Amino acid sequence: MAVAAMLCVQLGLAASVGLFDRIGPEGAAWLRLAWAGVLLPVLVRPKRAEFTRTSLLACVALGVVTAGLTMLFMAAVARLPLGTASALEFLGPLGVAVARSRGGRMLAWPVLAAVGVVLLTEPWHGTVDLVGVTLALGAAACWAAYILLTQAVGDELTGLTGLAVSLPVAGLAATAVAGPAVLPSMTWELALVGLGLAILLPVVPFSLEMLALRRLTTSAFGTLMSLEPAI
């Protein structure tokens, strides 16, 4: 499920490139999150009785972090070579994997994954934009929080109930950031394209990640994420 989620993420990003010239990277991210925030509640139909105060707050936090991860990475890629941005963003799951490993041989796997990502992405190539680096590090922090919160929400709630709250929150947060600049450029054609992209990313991969984190430790999941730059 984790590998399938990574495939969907990269396909979704590749398919989103065509929107960059029309509404920009942040606009493409907003369009996907906005549609996802509409689709999940309709499909899952969460009930208030299913949530405790703690689980509801965790879902809201996950939504804010999801919006931050998506928007910050898109903004970083606009300023940095993709290899550099990917390597910096991977510090998030790597940090989770190292922090949650039990030392010894288990620590060797995330370290090996980190070496592989650096060799693959060659982040020393290209110019260094300090704002871009800051944005990529912000995305890394959001990715680390996303992994921890996704597992926490998945442990508290059944099925995809947590996503039915977190993705609308993510959509609202993204709308507050990018919506005012993008909405004047929207057309029915763009809206329909955004609907299709939202299913590919984030609806399907985020659902798979939540299910996967019920079966994997955060350390194992964070290490597996090293496959994403390769994909």
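**Helix packing and local features of a predicted model**

Leu 91, Gly 92, Pro 93, Val 96 and Arg 100 of helix 5 meet a set of residues in helix 7, namely Leu 137, Ala 140, Trp 143, Ala 144, Ile 147, Leu 148 and Gln 151. By class, this contact of helix 5 with helix 7 divides into nine nonpolar residues, two polar and one charged. Before I go further, please note that the model is predicted.

Let me stay with this pair of helices. Two packed helices are described by the angle between their axes and the distance between the axes. Helix 5 covers residues 91-100 and helix 7 covers residues 130-156; their axes come within 7 Å and cross at roughly 50 degrees. Helix 5 is therefore oblique to helix 7. As to handedness, helix 5 passes helix 7 in a right-handed crossing.

I turn to a second pair, helix 3 and helix 8. Helix 3 spans residues 53-77 and helix 8 spans residues 163-182, and the two pack at an angle of about 45 degrees with their axes 7 Å apart. That angle makes helix 3 oblique to helix 8. The crossing of helix 3 past helix 8 is right-handed. On the helix 3 side, the contact is made by Leu 56, Cys 59, Val 60, Leu 62, Gly 63, Val 64, Thr 66, Ala 67 and Met 71. On the helix 8 side, the contributing residues are Val 165, Ser 166, Leu 167, Val 169, Ala 170, Ala 173, Ala 174, Val 177 and Ala 178. What is the make-up of the contact of helix 3 with helix 8 by class? It has 15 nonpolar residues, three polar and no charged ones.

Cys 59, one of the helix 3 residues in that contact, brings us to the cysteines. How many disulfides does a search of the whole structure find? The search finds zero. For Cys 59, the closest cysteine sulfur is in Cys 142, 17 Å away, and this is too far for a bond, because a disulfide needs the two sulfur atoms within 2.5 Å. Cys 59 has 0% relative accessibility and so counts as buried. Cys 8 is also classed as buried, because its relative accessibility is 15% and the cut-off is under 20%.

Next, helix 8 itself, where two residues may be set side by side. Leu 163 is found in helix 8, and Ala 176 is found there too. Is Leu 163 buried or exposed? Its relative accessible area is 2%, so Leu 163 is buried. Ala 176, by contrast, has 59% relative accessibility and therefore counts as exposed. Leaving aside neighbours within four places in sequence, Leu 163 is in contact with Leu 40, Pro 168, Phe 206, Ser 207 and Met 210. The C-alpha atoms of Leu 163 and Val 203 are 8.7 Å apart, while the two residues are 40 apart in sequence. For Ala 176, the corresponding pair is with Trp 30: 146 residues apart in sequence and 9.5 Å apart in space, C-alpha to C-alpha.

A further residue for inspection is Ala 85, which sits in helix 4, residues 82-89. With 0% relative accessibility, Ala 85 counts as buried. Which residues does Ala 85 touch, not counting those up to four places away in sequence? They are Phe 73, Val 77, Leu 80 and Ala 136. Ala 85 and Ala 136 are 51 residues apart along the chain, and their C-alpha atoms are separated by 5.7 Å.

I close with the backbone. Most residues other than glycine have a negative phi, and most peptide bonds are trans. Three places in the model may be viewed against that background.

The first place is Arg 45, whose phi is near 55 degrees, a positive value in a residue other than glycine. Arg 45 belongs to the loop between helix 2, residues 20-44, and helix 3. With a relative accessible area of 63%, Arg 45 is exposed.

The second place is Glu 122, where phi is near 45 degrees, again positive in a residue other than glycine. Glu 122 lies in the loop between helix 6, residues 105-121, and helix 7. Glu 122 counts as partly exposed, because its relative accessibility is 32%.

The third place is the peptide bond from Leu 201 to Pro 202, which is cis, with omega near 25 degrees. Where does Pro 202 lie? Pro 202 lies in helix 9, residues 188-212.

Definitions and conventions: Residues are numbered from 1 along each chain as its sequence is written. This is a predicted model: local features need pLDDT of at least 70, side-chain atom pairs count only at pLDDT 80 or more; totals for chains, interfaces and linings use all residues. Side-chain values use heavy atoms; hydrogens and water are left out. Axes are lines fitted to C-alpha atoms, for helices over the stretch in contact, and angles run from 0 to 180 degrees between N-to-C directions. Helices (H or I, at least four residues) and strands (E, at least two) are DSSP runs, numbered from the N terminus. Angles under 35 degrees count as roughly parallel, over 145 as roughly antiparallel, 65 to 115 as roughly perpendicular and the rest as oblique. A crossing is left-handed if the near helix is turned anticlockwise from the far one by less than a right angle, and right-handed if clockwise. Contact means heavy atoms within 4.5 Å. Ala, Val, Leu, Ile, Met, Phe, Trp, Tyr, Cys and Pro count as nonpolar, Asp, Glu, Lys and Arg as charged, and the others, Gly among them, as polar. Buried means under 20% relative accessible area, exposed over 50%, partly exposed in between (1.4 Å probe, protein chains only).
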